[in-house]
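Please examine the sequence and the model shown here. The paragraphs that follow lead from individual residues to the chain as a whole.

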Amino acid sequence: MTGATGHVEAARLCLKHGADVNRTTDLEQWTPDDVAKENGHDAMAAWLARVRVSGWAKHLSEPRYALVVLRELVAGDRARREREFSGNERVLDFLFPGDQHSPRLPDDIFSVIA
């Protein structure tokens with residue numbers, strides 16, 4: 001895999017297209033994270049190790065799940081963001097509305113873009 005070069009985007013592309021993060025080298029039986037670590041790419045080695053432990057699909061779904069949970073907490077008034085946000089408030093209000101009467105991005109669309 002791309003562990004030897006340290007190119008994270010290339011590794012993501014390989015995993016997206018079916019590369020096996022559990023595959024080992026023929027001689028040393030090293031995993032991709034072992035190869036990355038051996039070549040001095042510690043951050044990539046740690047990332048690959050996390051992906052290997054959790055699996056690629058779960059690795060991709062965890063942040064999405066967290067956003068869906070956050071959205072529901074905000075909608076139920078059990079969480080809120082700081083009002084000191086320096087970005088586009090209208091976009092955040094649309095994604096994470098604070099009450100049931102505010103305009104809200106439909107759930108089916110939110111799950112696709114999150």
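D34 lies in helix α2, which spans residues 32–38; helices here are DSSP runs of H or I with at least four residues, strands are runs of E with at least two, and both are numbered from the N terminus. The model is predicted: local features need pLDDT of at least 70, side-chain atom pairs count only at pLDDT 80 or more, and totals for chains, interfaces and linings use all residues. Residues are numbered from 1 along each chain as its sequence is written, and side-chain values use heavy atoms, with hydrogens and water left out.

The relative accessible area of D34 is 32%, which makes this residue partly exposed, a class between buried (under 20%) and exposed (over 50%), computed with a 1.4 Å probe and protein chains only.

V21 precedes this helix, in the loop between α1 (8–16) and α2. Is V21 buried or exposed? With a relative accessibility of 8%, V21 counts as buried. Its C-alpha atom is 8.7 Å from that of A49, although 28 residues separate the two along the chain.

Across the whole chain, the secondary structure comprises 6 helices and 0 strands, in the order α-α-α-α-α-α from the N terminus. Of the 114 residues, 21% are buried. Among contacts (heavy atoms within 4.5 Å) with a separation of 6 or more, 47% join residues 24 or more positions apart. The chain exposes about 8,200 Å², of which carbon and sulfur atoms supply 55%; accessible areas come from the Shrake-Rupley method with a 1.4 Å probe, and for residues only the protein chains shown count as cover.
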